[in-house]
Amino acid sequence: MAKFYFPTYNGVSQFEGKLVTTSIVDRQGNKRIGSEPTKNKVIFLDIIFLRGLQFFIFGLIALISAFKRGESLQFSKQESTKFDKISQKMNIATGYLQLTTTLIVAFILSFIFLFFLPNKLIALISNEWTSEFVYGALLAAMRIAIVYGFFVLLRFFPLIQDLYKFNGACNEAMNNQVNAAPNKKSHHYPLNYLNYLVFTLCIASFVVSLWQISANFWLNSLFKFGLFLACIALTYEILWLVNLCKVKWIRDFIMITSPLVSVRPSLTQEEIIRTLILEHQYFKKESVKLKENEMAMSALMSEIQTKLMAQERYDKSDVEWIIATILNKNREEAKLVRTVSLKEARDILRAADRRAKGEPLSSIFGFVDFYGYKIDINKKVLSPRMETEILVEQTLKCANEFKKPIICDLCTGSGAIAIVLAKKLEAKIYALDISKPALMTAEQNAKKHDAKIDFVQSDLFSSLKKSKKFDIIVSNPPYIPTKEIEKLSIEVKKYDPKLALDGGEDGMDFYLRICKESMQRLNSEGYLLLEVGQGQAAEVKSILKDNGFIDIKVLKDYNGIERVVYGRTSN
């Protein structure tokens, strides 16, 4: 289904099927969006030449409609302008009145500068020996120069500048580059409607002026009107071919009119077009009418995305988590929320600001969602990562081989792994950690989830009786090489405890100790499962083998990185 984008001085409109969606920024800087069914569904007949005429007529109606809808979304209570007061008396939307006035003035100026003035000037410089062809060529050149100069002058008017910036944002949407890197974006698009209008006007001015016939006024007018319609159809086909063309110099030459009506959009314009795209992405078949104290979810998501992208920290799941947490809903429920109150929007944006500065979500909200359980987090424990769920998943599979396994979670930290195992299995669970503050956090998490776990403060197994053995030992130990810690992202090195990160000079200190000591702590055919850092799997696998483990296997995480190494003892 074809999508059509049209700019206004305060936003953009998208027409798709029977739904039109308009996204604007009001006079107070608030982002507004509204969508509604439209009776003006366009059945786009993809017939050569006819499609150009249809695009011209539909586009003009849609452009005027976009201005009208953009104005209707204004909720500002600021002092009325002269246009506001006149439009209220006439019961016409301000934007609609402004556009109508502009079109009338443009028509009058066009008549003066494109017809009356050029004819008079050419008549003065020509003489009786000037041929009709030369006369027409001079007239065509003058009219094109006037058209081009007129649009150059328009760029200096603030209202028109905003219109052209929103037009540039529309072009980025048509190029599917709204979320692309700045150096890969293009705010020009051949079949952009404003570009099509200007290009058509230039071509028509040249052709109609150049092609002269000796006939009476009415026949000559009818002939030129026919030429104008032919130019409308022809220019569409030219721009359609240019849109398919991959040769840069051809595109640049034909797109000579685009800089007249398209300006690189600012962050505001990009947020507006992104809001509109998100609105269609999430609520494509629905319509919405906002109240003054509400904000559209799509506008909110767009603003969050802009904040995070500016700091190169954008992640779709982060946005969903922030919104769901503030609204006290799960992610699937949050996706169905259409609007939020302004207070909820402010709370969500404050959380997004903290995330943009590098603070992890677990620190912002004080918990992390791990394997379906809310695990409280603080600066004394490592925030469990999503990839650690792979370690848990494999541990659960290994536990199925035992009737009632005895399991030890080494370096338990927040207790996340131990809690999931205790809730999912009929097993005896021990959780060990050298840090007393970490154990206190883990115990609080276990109590909150009613998980039965024996917590022991211990440097690995040192505090346990020598006779204590397990069927399974699982661990996500510190594995970052000491010299690499300062190179980590700010959300890790600033908010995670160094004790939970530092794995020694080469990151292997704990793996060497755990593999050696676990062999004495595992029952026959018992399992040792370890999470490893990127690039460490081969070395850890070798350490397990050197310590007598068999059936050693490696599992990859969601990004294809080798993340879990596990093996078992012999009979």
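A cavity is here a set of grid points where a 1.4 Å probe fits but cannot get out. By this rule, one cavity of 30 Å³ or more is counted in the structure, which is a predicted model. The volume of the largest cavity is about 80 Å³. Its lining is formed by Tyr282, Met297, Met301, Glu320, Ile323, Arg331, Ala334 and Lys335. Three elements give two or more residues each to this lining, namely helix H11 (297–310), helix H12 (316–326) and helix H13 (331–334). Rolling a probe the size of a water molecule over the atoms shows where empty space is left.

The overall make-up of the chain is as follows. The protein chain contains 21 helices and 15 strands. Of its 571 residues, 49% count as buried. Among contacts between residues at least 6 apart in sequence, 68% join residues at least 24 apart.

In soluble globular proteins, nonpolar side chains tend to be buried together. The largest nonpolar core in this model has 67 residues. Those with the most contacts inside this core are Leu300, Ile304, Ile323, Ile407, Leu421 and Ile453. One of them, Ile323, also belongs to the lining of the largest cavity. Helix H17 (residues 416–424) gives the most to the core, with seven residues. For Ile453, when neighbours within four places in sequence are left aside, the residues in contact are Ala418, Ile419, Ala422, Ile429, Tyr430, Ala431 and Ala446. A second, separate core comprises 33 residues, among them Leu163, Tyr193, Val198 and Ile232.

Aromatic side chains were examined next. The structure holds 18 aromatic pairs. In one of these, the ring centres of Phe6 and Phe58 are 5.9 Å apart and the ring planes stand at 80°, so the pair is edge-to-face. Because Phe6 lies in strand E1 (residues 3–7) and Phe58 in helix H1 (residues 50–72), this pair ties together parts that are 52 residues apart in sequence. The relative accessible area of Phe6 is 1%, and that of Phe58 is 12%. Since buried means under 20% relative accessible area, Phe6 is buried and Phe58 is buried as well. In another pair, the rings of Phe365 and Phe367 have their centres 6.4 Å apart and their planes at 45°, so this pair is tilted. Phe365 is buried, with a relative accessible area of 18%, and Phe367 also counts as buried, at 11% relative accessibility.

Phe6 and Phe58 further belong to one aromatic cluster, whose other members are Phe4, Phe15, Phe55, Tyr193, Tyr196 and Tyr236. Tyr193 is thus found both in this cluster and in the second nonpolar core. Charged side chains also sit over aromatic rings. The charged end of Arg51 sits over the ring of Trp240, at 4.4 Å from the ring centre. Likewise, the charged end of Lys428 sits over the ring of Tyr430, at 5.6 Å from the ring centre. Tyr430 is, in addition, one of the residues in contact with Ile453.

Three individual positions were considered in further detail. Leu197 is placed in helix H6 (residues 193–210). This residue counts as partly exposed, at 23% relative accessibility. The C-alpha atoms of Leu197 and Tyr236 are separated by 9.6 Å, although these residues are 39 residues apart along the chain. Tyr236 is itself a member of the aromatic cluster described above.

The second position, Pro384, is in the loop between strand E8 (373–376) and helix H16 (388–399). Pro384 counts as buried, at 14% relative accessibility. Residues up to four places away in sequence not being counted, Pro384 touches Val368, Phe370, Ile377, Ser414 and Ala416. A C-alpha separation of 9.3 Å is found between Pro384 and Gly415, which are 31 residues apart along the chain.

The third position, Asn476, likewise falls in a loop, that between strand E12 (470–475) and helix H19 (490–493). Asn476 is buried, with a relative accessible area of 15%. Apart from neighbours within four places in sequence, Asn476 is in contact with Leu382, Thr388, Leu391, Leu410, Cys411, Ile417 and Glu531.

Technical notes
Residues numbered from 1 in each chain as written. Predicted model: local features only at pLDDT ≥ 70, side-chain atom pairs only at ≥ 80, totals over all residues. Heavy atoms only, no water. Phe/Tyr/Trp six-rings, centres within 6.5 Å; stacked < 30°, edge-to-face > 60°. Helix = DSSP H or I, 4+ residues; strand = E, 2+ residues; numbered from the N terminus. Buried < 20%, exposed > 50% of the residue type's maximum accessible area, 1.4 Å probe, protein only. Lys NZ or Arg CZ within 6 Å of the ring centre and 35° of its normal. Core = buried A, V, L, I, M, F, W, Y, C linked by side-chain atoms within 4.5 Å. Contact = heavy atoms within 4.5 Å. 1 Å grid on protein atoms, 1.4 Å probe; cavity = no way out; pocket = protein on both sides within 12 Å on 5 of 7 lines; lining within 4 Å. Points joined across faces, edges and corners; volume = space filled by probe spheres on them.
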